[in-house]
Amino acid sequence: MMMTRGGNRLVSSMFKVGPRYLSTATTWTLINENVRCKSTLALGDKEQEEKQAVGGGPTKNEKGINSYWGLEPTKVTKEGGAEWKWTCFRPWEAYKADLSIDLKKHHAPVTLLDKMAYWTVKTLRWPTDLLFQRRYGCRAMMLETVAAVPGMVGGMLLHCKSLRRFEHSGGWIKALLEEAENERMHLMTFMEVAKPRWYERALVFAVQGVFFNAYFLGYIISPKFAHRMVGYLEEEAIHSYTEFIKELDNGSIENVRAPAIAIDYWRLSPDSTLRDVVMVVRADEAHHRDVNHFASDIHYQGRQLREAPAPLGYH
Ligand SMILES: [Fe+2]
Ligand SMILES: [Fe+2]
């Protein structure tokens with residue numbers, strides 16, 4: 001690879017994009033060039049394609065970021081040597097979902113707290129059904145904006161607790177943050193197959209404002225309840241994705257090609273479809289269900305999460 005530095009411009013191994021030669025390794029550092037990354041979209045939606053700054057690179061009409069700090073983006077390649085085009089996740093964060101996971105497992109609510117958690121989730125499902133009905137793509141996308149909150153809040157609170165008490169976390173901070181990141185990747189995936197309407201975007205703002213704070217308070221008061229509620233939320237997510245698959249199978253929803261981001265994140269075959277993506281997302285939800293019910297069970301036994309090693313390494 002040739003590396004020369006000329007003014008604010010770096011040039012390394014070159015490849016051609018349209019009429020212009022660009023650097024694979026230093027796209028961010030190019031200035032005064034209207035640079036964009038290749039499309040991530042598998043759906044051929046040109047309008048959406050134009051709006052996407054895939055993998056965090058600059059969009060068509062944006063300038064690259066100039067920096068004199070010497071922090072250059074690392075060039076990452078796939079196993080076969082092809083360029084890795086995502087900056088939002090790296091090859092070592094990609095994984096194969098465990099499709100053998102039991103989707104039918106259910107924690108029967110016995111205690112009052114469990115019943116409260118169960119009925120809270122069941123009650124929340126009613127307005128969701130009313131709003132989205134059978135628009136499962138949009139429903140999935142909107143629900144992922146909520147699903148990615150608990151892991152981040154729980155992980156953050158455990159992080160602060162670890163600092164306050166000078167104690168280890170048992171790996172639970174990482175496990176919960178991984179869950180949040182995984183849920184966010186579900187959102188990044190579904191964004192490619194569904195477009196939120198303006199009032200749905202407004203709804204996400206409102207729901208996030210309420211839900212973040214409610215879950216934050218709930219986790220402080222009773223992590224036992226908070227994790228149980230997420231466990232039931234994940235059970236509902238499994239149900240929703242099963243319905244999604246049924247709609248794909250009976251042709252009500254077109255089984256389009258899988259978004260490129262999903263193919264790389266879940267290490268799917270290049271000819272995968274939306275159905276394959278929903279299958280792996282559903283397996284992820286089943287894993288989140290188990291982790292959160294387990295976390296609640298630990299609290300039920302009067303123990304702290306750090307006393308039971310966190311289930312790591314799935315994602
Ligand atoms: Fe999810
Ligand atoms: Fe989940």
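A donor here is an N, O or S atom within 2.8 Å of the metal. Keep that cut-off in mind for the two iron ions on this tour. The model is predicted.

**Stop 1: the bridge**

Select both iron ions and Glu-183. Glu-183 bridges the iron ion (ligand 2) and the iron ion (ligand 1). The two ions lie 3.8 Å apart.

**Stop 2: iron ion (ligand 1)**

Which residues coordinate the iron ion (ligand 1)? Select Glu-144, Glu-183, His-186 and Glu-285. Glu-144 is listed twice, each time through OE. Glu-183 and Glu-285 also use OE, while His-186 uses ND1. The distances run from 1.9 to 2.4 Å. Along the sequence, these donor residues are spaced E-x38-E-x2-H-x98-E.

Now colour two helices. Glu-183 sits in helix H4 (residues 172–190), and Glu-285 in helix H8 (residues 274–300), so this pair ties together parts that are 102 residues apart in sequence. Are these two glutamates buried or exposed? Both Glu-183 and Glu-285 are buried.

**Stop 3: iron ion (ligand 2)**

Move to the other ion. The iron ion (ligand 2) is coordinated by Glu-183, Glu-234, Glu-285 and His-288. Here Glu-234 is the residue listed twice, through OE. His-288 contributes ND1. Distances range from 1.8 to 2.5 Å. The donor spacing along the chain reads E-x50-E-x50-E-x2-H.

Stay on helix H8. Glu-285 and His-288 both lie in it, three residues apart, which is about one turn of the helix. Like Glu-285, His-288 is buried.

**Stop 4: Ser-296**

Follow helix H8 to Ser-296. Show its side chain. What does that side chain reach? The backbone oxygen of Lys-224, at 2.8 Å. Beyond neighbours within four places in sequence, Ser-296 is in contact with Lys-224, His-227 and Arg-228. Ser-296 has a relative accessible area of 0%, so it counts as buried.

**Stop 5: the largest nonpolar core**

Nonpolar side chains tend to be buried together in soluble globular proteins. Look for that here. The largest nonpolar core holds 42 residues. Select Phe-89, Phe-190, Tyr-241, Phe-244, Trp-266, Val-277 and Val-278, which touch the most other members. Helix H3 (136–165), H4, helix H6 (223–249), helix H7 (260–265) and H8 each supply at least two residues of this core. Which helix gives the largest share? H8, with seven residues.

Zoom in on Phe-244. Leave out residues up to four places away in sequence. Phe-244 then touches Tyr-136, Gly-137, Ala-140, Phe-190, Ile-253, Leu-274 and Val-278.

Next, select Leu-157, Leu-158, Ala-226 and Ala-308. These are among the members of a second, separate core of 26 residues.

**Stop 6: the whole protein**

Zoom out and switch to cartoon view. How many helices and strands are there? Eight helices and four strands. Read along the sequence, the pattern is β-β-β-β-α-α-α-α-α-α-α-α. The strands come before the helices in that order.

Now show the surface. The accessible surface comes to about 17,100 Å², and 59% of it belongs to carbon and sulfur atoms. The protein has 315 residues, of which 47% are buried.

Last, turn on contacts. Take those between residues at least 6 apart in sequence: 71% of them join residues at least 24 apart.

Conventions. Residues numbered from 1 in each chain as written. Chains lettered and ligands numbered in written order. Predicted model: local features only at pLDDT ≥ 70, side-chain atom pairs only at ≥ 80, totals over all residues. Heavy atoms only, no water. Donors = N, O, S within 2.8 Å, 3.2 Å for Na, K, Ca; no water. Buried < 20%, exposed > 50% of the residue type's maximum accessible area, 1.4 Å probe, protein only. Polar contact = N/O pair within 3.5 Å; in protein donor to acceptor, adjacent residues only side chain to side chain. Contact = heavy atoms within 4.5 Å. Areas by Shrake-Rupley, 256 points an atom, 1.4 Å probe, with all protein chains shown as cover. Core = buried A, V, L, I, M, F, W, Y, C linked by side-chain atoms within 4.5 Å.
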